[in-house]
Amino acid sequence: ASDQSQIGNAITATASNPVIMTTAVTTDARIDVSSNTVAATARGNQAANSQSPDALDLTSAEDGTWLSTGTFGVDAFAPVLVASLQRTQAAPVTAKVIGSRIAAENGQVVDSAVTVADNRQEAVALANDAANALSLTRIDGGSGAGIASRQSVGTGSPVLSRMSGKVEVIAQGAVDSALRLDGNLQRSMAYGNAAANALAANAVTLATPTSWGFASIVSGYGSPEVSAAYSLLSDQSTQSRVKASTDGGYRLLVRQLATGSEMSADANAIIAAGYGNQSANAATLDGVDIGAEYGFGAIANVTNVQRAKAAVSAETSGATKVWLANDSVEARVAADRNAIQAVATANLASGNQLEVHATSIGNGNNGWGGGGEGPGGVIGTAGLGHGNVLTVTAPLSVQNAQTFRAPVSAVVQDSMTRITDWGAFVNSSGWV
């Protein structure tokens with residue numbers, strides 16, 4: 001189990017005016033400014049929790065699996081358990097890359113290649129970041145396992161990322177040469193909560209599951225609960241704003257004559273992405289023998305709960321430009337496959353998945369106390385009840401509950417991809 005808190009402490013990562021640059025007068029040469037990274041990353045809490053028990057006898061573990069999360073923490077029990085709690089309160093998390101520049105500045109370029117490619121400028125801010133994994137192999141007996149994860153971004157804890165910068169190739173002139181500004185990335189990313197939870201059981205004997213009650217219950221105001229032999233519960237809440245902003249740009253500039261040369265500004269990207277809550281939850285049961293004694297409660301459940309109570313926004317601005325300030329003769333010019341994106345998501349749950357491959361499943365009572373009936377009267381239901389209470393009684397189930405109560409906005413502005421030729425364009429080609 002892990003318990004992490006940031007209370008009353010600001011977390012900041014800043015890279016101010018970083019420069020990666022070459023200057024040269026190039027004849028019969030190669031200049032390559034590639035695969036460089038300028039980054040600022042700020043995290044409030046980060047955890048990686050895992051268990052991998054192998055060939056254990058858990059016959060004596062008679063209790064079932066029960067998981068619950070809420071405002072005050074994690075409450076859970078299971079024969080094998082991973083529990084994680086992360087929270088921030090009055091703890092802003094900020095990542096900034098300001099005034100970054102990656103460039104190749106050249107005089108006259110003759111019979112040469114100048115490349116600025118596959119560079120990355122990024123600012124990443126995460127309040128809570130967790131990876132929880134539980135893997136069971138060749139387990140005999142026992143009544144299940146569980147992962148319970150709770151993440152909370154409290155009040156006064158905004159998550160902000162900002163990136164501003166340029167990437168450039170500049171030449172006085174180009175003769176029988178190649179100038180390339182390709183495949184670069186400028187981005188800012190902000191996450192309130194991010195979690196990856198994975199539960200796996202392989203060649204396991206599940207003798208007598210004894211989980212009771214609903215397989216999963218999620219209320220609008222209370223604590224979610226999961227009660228199944230194999231259970232995974234992820235609970236995320238964001239109460240402070242999340243914002244990502246990127247002000248970038250790419251420029252390829254030839255000041256004088258360009259003749260017999262290739263110039264490209266291709267596949268560059270400017271991105272801002274803000275997420276209030278993001279999670280990936282997966283449970284896999286493979287080769288499981290669920291004994292004939294089975295008859296009490298659910299076999300497996302994955303439940304995801306996400307609540308976004310503050311604004312989430314993303315803003316991008318910038319352009320990809322090829323400037324030919326003089327004549328171009330027998331030149332080939334391209335500015336293709338460039339992208340500018342702004343993505344804002346209050347709640348994102350990717351891959352909520354339960355996969356079961358059982359060698360056998362016993363035909364016990366299949367209910368809570370026998371008779372094929374569970375709470376509410378019928379086993380195998382999923383319902384929305386009074387007070388917006390979600391319930392599941394199915395033996396195998398996935399339940400997802402997401403709410404947001406604040407604006408979500410994504411804005412792209414001042415964006416373009418452009419080739420500009422201020423002189424004559426003779427026996428040349430260009431495409432965007």
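Visitor: Is Glu330 buried, partly exposed or exposed?
Guide: This is a predicted model, and Glu330 sits in the loop between strand 27 (328–329) and strand 28 (332–334). Its relative accessible area is 46%. Buried means under 20% and exposed means over 50%. With 46%, Glu330 is therefore partly exposed.

Visitor: What is the phi of Glu330?
Guide: Most residues other than glycine have a negative phi. Glu330 is not a glycine, yet its phi is positive, at about 50°.

Visitor: Which residue in the loop between strand 4 and strand 5 (37–51) has a positive phi?
Guide: The residue is not a glycine, and its phi is about 60°. Its relative accessible area is 58%, so it counts as exposed. The residue in that loop is Ser35.

Visitor: Which residues form a negative surface patch with Glu330?
Guide: One member is Asp28, in the loop between strand 3 (19–27) and strand 4 (30–34). Asp28 is exposed, because its relative accessibility is 65%. The residues that join Glu330 in the patch are Asp28, Asp111 and Asp176.

Visitor: How far apart are N and O in the salt bridge between Asp32 and Arg30?
Guide: Arg30 is exposed, at 60% relative accessible area. Asp32 is partly exposed, at 41%. Their side chains meet in a salt bridge, and the N to O distance is 3.4 Å.

Visitor: How many residues apart in sequence are the parts that Arg251 and Glu168 tie together?
Guide: The two side chains meet in a salt bridge of 2.9 Å, N to O. Arg251 lies in strand 21 (residues 250–254) and Glu168 in strand 13, so the pair ties together parts whose separation in sequence is 83 residues.

Visitor: Which of the two, Arg251 or Glu168, is buried?
Guide: The cut-off for buried is under 20% relative accessible area. Arg251 has 28% and is partly exposed. At 9%, the buried partner is Glu168.

Visitor: Which residues are linked with Glu168 and Arg251 in a network of salt bridges?
Guide: The Arg251 and Glu168 side chains meet directly in a salt bridge. The network links this pair with two further residues, Arg101 and Glu105.

Visitor: Where does the salt-bridge partner of Arg307 lie?
Guide: Arg307 forms a salt bridge with Asp235, and the closest N and O atoms are 3.7 Å apart. Arg307 lies in strand 25 (residues 298–308), so the pair ties together parts that are 72 residues apart in sequence. Asp235 lies in strand 19 (residues 228–238).

Visitor: Are Arg307 and Asp235 buried or exposed?
Guide: Arg307 has a relative accessible area of 12%. For Asp235 the value is 1%. Buried means under 20%, so Arg307 and Asp235 are both buried.

Visitor: How many salt bridges does a search of the whole structure find?
Guide: The pairs include Asp32 with Arg30, Arg251 with Glu168, and Arg307 with Asp235. The search of the whole structure gives a total of 12.

Visitor: Which residue stands opposite Ser164 in strand 20?
Guide: Strand 13 (residues 159–175) and strand 20 (residues 242–247) pair in the parallel sense, over 6 bridges. In strand 20, the residue opposite Ser164 is Asp247.

Visitor: What is the bridge partner of Val242 in strand 26?
Guide: Strand 20 is also joined to strand 26 (residues 312–324). These two run parallel, with 6 bridges. The partner of Val242 in strand 26 is Val312.

Terms used: Residues are numbered from 1 along each chain as its sequence is written. This is a predicted model: local features need pLDDT of at least 70, side-chain atom pairs count only at pLDDT 80 or more; totals for chains, interfaces and linings use all residues. Side-chain values use heavy atoms; hydrogens and water are left out. Patches are made of residues with over 30% relative accessible area and no salt bridge: like charges are joined within 9 Å, nonpolar side chains (Val, Leu, Ile, Met, Phe, Trp, Tyr) within 5 Å. Accessible areas come from the Shrake-Rupley method with a 1.4 Å probe; for residues, only the protein chains shown count as cover. A salt bridge is a side-chain nitrogen of Lys or Arg within 4 Å of a carboxyl oxygen of Asp or Glu. Lys and Arg count as positive and Asp and Glu as negative; His and the chain ends are not counted. The place of a charge is taken as NZ of Lys, CZ of Arg, CG of Asp or CD of Glu. Helices (H or I, at least four residues) and strands (E, at least two) are DSSP runs, numbered from the N terminus. Buried means under 20% relative accessible area, exposed over 50%, partly exposed in between (1.4 Å probe, protein chains only). Two strands pair if DSSP finds at least two bridges between them.
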